[in-house]
Amino acid sequence: MSRTYLGEFEELVLLAVALLQQRPTGAYGVSIADELKQRTHRTTSVTGVHVVLYRLEEKGLVGSELGGASIARGGRRKRLFTLTAAGQQVLREMRQLRIGFWEALPTPFFS
C-alpha cells in the first residue's frame with residue numbers, strides 16, 4: 001500500500017474524529033468544527049469540515065453512518081464518522097514522522 005499524505009487540516013480533522021468518536025455524542029460535522037475551534041483557536045466552517053470528511057472517507061480513513069433522528073434537528077439524522085483501521089495507521093505514521101523531526105532538532109534550538 002502506498003503512503004497516504006495528509007494536509008494539516010485533514011490531519012486535524014482526522015485527529016478530531018479519533019477523539020470525538022469516543023464521546024457519547026460522536027463525531028459529526030458540528031462537533032468536529034467546535035473541537036477544532038476550541039483546540040486551534042481558529043474558526044472553521046462546518047462545510048469545510050464536511051468537504052474534508054468526505055475526502056477522508058474516499059481515502060478509506062474514516063467511515064460514516066447515519067445516527068438517529070432527533071426533534072432538535074427537525075427530524076433530520078446526523079452523519080457520524082469513525083476512524084477506520086487505515087485511518088488509525090495513518091495517524092500513527094504521522095505521529096512517528098513528527099516525533100522524528102522534533103527529536104532530530106538540537107537541544108539548544110529550544111533555548
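This passage describes the overall architecture of a predicted protein model and then the surroundings of selected residues in it.

In the predicted model, the secondary structure of the protein amounts to 4 helices and 2 strands, and these elements follow one another from the N terminus in the order α-α-α-β-β-α. The C-alpha trace extends over about 55 × 35 × 25 Å along its principal axes. Of the 111 residues in the protein, 30% are buried, and the accessible surface comes to about 7400 Å², with 57% of that area belonging to carbon and sulfur atoms. When contacts between residues at least 6 apart in sequence are considered, 51% of them join residues that are at least 24 apart. The protein carries 15 positive and 10 negative charges, and the mean positions of these two groups are 5 Å apart.

The helix α1 covers residues 8–20. Its 13 residues reach 18 Å from the first C-alpha to the last, which is close to the 18 Å expected at 1.5 Å a residue. The buried residues of α1 are Glu 10, Glu 11, Val 13, Leu 14, Ala 16, Val 17 and Leu 20, a set that contains both glutamate and aliphatic residues. Val 13 counts as buried because its relative accessible area is 0%, under the limit of 20%. Once residues up to four places away in sequence are set aside, Val 13 touches Ile 32, Leu 36, Val 52, Leu 53 and Leu 56. Of these partners, Ile 32 and Leu 36 fall within the range of α2, residues 29–40, while Val 52, Leu 53 and Leu 56 fall within the range of α3, residues 46–58. The C-alpha atoms of Val 13 and His 50, which are 37 residues apart in sequence, lie 9.6 Å apart in space.

Leu 19, also placed in helix α1, is partly exposed because its relative accessible area of 31% lies between the limits of 20% and 50%. Apart from residues up to four places away in sequence, Leu 19 touches Glu 35 and Arg 39. A separation of 23 Å, C-alpha to C-alpha, is found between Leu 19 and Trp 102, two residues that are 83 apart in sequence.

Two residues of helix α2 were examined for their polar contacts and their burial. Glu 35 has its place in α2 and, at 5% relative accessibility, counts as buried, since this value is under 20%. The side chain of Glu 35 makes a polar contact with the side chain of Arg 23, at 3.1 Å. With neighbours within four places in sequence left aside, Glu 35 is in contact with Leu 19, Leu 20 and Arg 23, so that the partner in the polar contact appears among these residues as well. Ser 31, likewise located in α2, counts as buried because its relative accessibility of 10% is under 20%. A polar atom of the side chain of Ser 31 lies 3.3 Å from the backbone oxygen of Gly 26, and the contacts of Ser 31 beyond four places in sequence are with Leu 20 and Gly 26. Leu 20 is thus a contact of Ser 31 and of Glu 35, and this leucine is listed among the buried residues of α1.

In the loop between α2 and α3, His 41 is found. The phi angle of His 41 is near 60°, a positive value in a residue other than glycine. His 41 counts as exposed because its relative accessibility of 70% is over 50%.

Towards the C-terminal part of the chain, Gly 63 is found in strand β1, which spans residues 62–69. Leaving aside neighbours within four places in sequence, Gly 63 is in contact with Glu 57, Leu 80, Phe 81, Thr 82 and Thr 84. Gly 63 and Leu 53, which are 10 residues apart in sequence, have C-alpha atoms 9.1 Å apart in space. Gln 88, in turn, has its place in helix α4, residues 85–104, and counts as partly exposed because its relative accessibility of 37% lies between 20% and 50%. The C-alpha atoms of Gln 88 and Tyr 54 are separated by 17 Å, although these residues are 34 apart along the chain.

Conventions: Residues numbered from 1 in each chain as written. Predicted model: local features only at pLDDT ≥ 70, side-chain atom pairs only at ≥ 80, totals over all residues. Heavy atoms only, no water. Buried < 20%, exposed > 50% of the residue type's maximum accessible area, 1.4 Å probe, protein only. Polar contact = N/O pair within 3.5 Å; in protein donor to acceptor, adjacent residues only side chain to side chain. Contact = heavy atoms within 4.5 Å. Areas by Shrake-Rupley, 256 points an atom, 1.4 Å probe, with all protein chains shown as cover. Lys, Arg positive; Asp, Glu negative; His and termini not counted. Charge placed at Lys NZ, Arg CZ, Asp CG, Glu CD. Expected span 1.5 Å × (residues − 1).
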